[in-house]
Amino acid sequence: MTDPTSRPWRDLTDPRRAEATDRLEAGLKEPEFENLEIPEELGTVQVVIDDHKIKRYAFTHDDHSSWHLTGSPFEGRRIGHAALLGNDLVQLFTLVYAASQVVGYHTEEQMWFDSPAPLDEVVTLHGTYTEAYRRRGEGYVVMEATATGEDGRSVVRHRGVEILKTTPGAIGGRGSALPERRVTGEVPKDARVVDTLGSDARVGDVLAPLHKTVTAEQAAVFSRVGEYVRNIHNDIDVARAGGLRVPIVQGQQQFGVLAQLLTLRSGPAFLTSGWLRVKFLAPLKVFEPFTSTGVITAVTPVDDGLRIDLEVWVRRDTDNRLITAGWAAVTVPAS
């Protein structure tokens, strides 16, 4: 299973590659806006949360928490990272659509985190295209998908928005339509910085930031280089063919960094009550340092604790540009 850009890239100068791709994608639809059928079932697949999958994700996000590698607060079992299945869910469309000659552009991602997936569990993924529309000359499609555990419980739920076919170099960096609640990424200089979201949380608190740099190797592994595919995230030639100077970090990988930040700051609660929605505003090149953080916008008592709402964002350190912005929520114990 592959992402919107990770079917084998068709190098038309190499007939062997073209023939192999044709065989692989025989019977699949071309990813053209006109070919969409709304609603459209994309199918169901099963994914094993095995040791390799967890360690591969840990490498791509530099997230080697003991919860994933030795044992967690959830019955002492190793568990997958909060956003471990995000890329698998995004890629469900390649069960129906061929993606060898085109590049999609992820513009928005949203996930609800309902329960952790422990080591060796078989998780069932199912996705549907639920909506399609045109905006600023581009064709957008909305996917809703679920990940369900062996006992039928919800692990995570997903809603993503993507431009089905475009040239990333032409649209990268132009931003998206204004969100209904604008996230500025600005906070008062005297705001309290917190490492933990707990019962003393208050509006205006700023999350202790997470500083990262995604290397070319990490981006490549996250974007399926081990499956012998080429895309704008793991191959410089393909990136340049798409109008980019170097490979860019997949939006879903940035989403995973924000999920890591929220897990670090809110603890186990994020894996059972978390919500994260972001918009991807500008590209992030490999080896570009960046910082993720957020600010509390509301603290509300609820039956099972305190619901904390936040604005979250990612900034490039090189120019301080806001490249990803969104909203999050988690319910933490009241005491």
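What percentage of the 335 residues of the chain count as buried? The figure is 56%. Keep in mind from the start that this is a predicted model. Welcome to the structure; here is a short walk through it.

## The overall picture

The chain has 9 helices and 12 strands. Among its contacts with a separation of 6 or more, 74% are between residues 24 or more positions apart.

## The nonpolar cores

The largest nonpolar core holds 66 residues. Within this core, F113, L125, Y129, L276 and L310 touch the most other members. Helix α8 gives the most to this core, contributing 6 residues. A second, separate core has 11 residues, including W275, L281, V295 and W313.

L276 is a good residue to click on if you want to see these surroundings for yourself. Leaving out residues up to four places away in sequence, L276 touches a list of partners that includes F113, F255, L258, L262, F270, V312 and W327. E109 and Q110 are also among the residues that L276 touches.

## Two helices that cross

Helix α8 comes up again when we look at how helices pack. In general, two packed helices are described by the angle between their axes and the distance between the axes. Helix α2 covers residues 51-61 and helix α8 covers residues 251-266. Their axes come within 10 Å and cross at roughly 90°. Angles of 65 to 115 degrees count as roughly perpendicular, and α2 and α8 are therefore described as roughly perpendicular to each other.

Which residues in α2 and α8 meet? From α2 they are Y57, T60 and H61, and from α8 they are Q253, G256, V257 and Q260. By type, the residues of this contact divide into 2 nonpolar, 5 polar and no charged.

## Salt bridges

Side chains of opposite charge can pair when their charged atoms come close. A search of the whole structure finds 20 salt bridges. Three of them are set out below.

| Salt bridge | Closest N and O atoms |
|---|---|
| D151 and R153 | 2.9 Å |
| R192 and D205 | 2.6 Å |
| D309 and R307 | 2.8 Å |

The partners can be placed by how much of their surface is accessible. In the first pair, D151 is exposed, with a relative accessible area of 58%, while R153 is partly exposed at 22%.

For the second pair, R192 is partly exposed, with a relative accessible area of 27%, and D205 is buried at 1%. R192 and D205 are linked by a salt bridge. R192 lies in the loop between α5 (168-171) and β6 (193-194), and D205 in the loop between β6 and β7 (206-207), so the pair ties together parts that are 13 residues apart in sequence. R192 and D205 also belong to a network of salt bridges that links them with D200 and R202.

In the third pair, D309 is buried, with a relative accessible area of 16%, and R307 is partly exposed at 34%.

## A loop residue with distant partners

Is E150 buried or exposed? At 55% relative accessibility, E150 counts as exposed, because the cut-off for that is over 50%. E150 lies in the loop between β4 (138-148) and β5 (154-166). Setting aside its neighbours within four places in sequence, E150 is in contact with D120, E121 and V122. E150 and A117 are 33 residues apart in sequence, and their C-alpha atoms are 9.7 Å apart in space.

## Backbone features in the loops

Most residues other than glycine have a negative phi, and most peptide bonds are trans. Some places in this chain are worth a look with that in mind.

Where is there a cis peptide bond? The bond from I38 to P39 is cis, with omega near -5°. P39 lies in the loop between α1 (15-24) and β1 (40-48).

F287 has a positive phi of about 70° although it is not a glycine. You will find F287 in the loop between β9 (274-280) and β10 (289-302). N320, also a residue other than glycine, has a positive phi near 65°. The loop that holds N320 runs between β11 (305-316) and β12 (322-332).

Conventions
Residues are numbered from 1 along each chain as its sequence is written. This is a predicted model: local features need pLDDT of at least 70, side-chain atom pairs count only at pLDDT 80 or more; totals for chains, interfaces and linings use all residues. Side-chain values use heavy atoms; hydrogens and water are left out. Helices (H or I, at least four residues) and strands (E, at least two) are DSSP runs, numbered from the N terminus. Buried means under 20% relative accessible area, exposed over 50%, partly exposed in between (1.4 Å probe, protein chains only). Contact means heavy atoms within 4.5 Å. Axes are lines fitted to C-alpha atoms, for helices over the stretch in contact, and angles run from 0 to 180 degrees between N-to-C directions. Angles under 35 degrees count as roughly parallel, over 145 as roughly antiparallel, 65 to 115 as roughly perpendicular and the rest as oblique. Ala, Val, Leu, Ile, Met, Phe, Trp, Tyr, Cys and Pro count as nonpolar, Asp, Glu, Lys and Arg as charged, and the others, Gly among them, as polar. A nonpolar core is a set of buried Ala, Val, Leu, Ile, Met, Phe, Trp, Tyr and Cys residues joined through side-chain atoms within 4.5 Å. A salt bridge is a side-chain nitrogen of Lys or Arg within 4 Å of a carboxyl oxygen of Asp or Glu.
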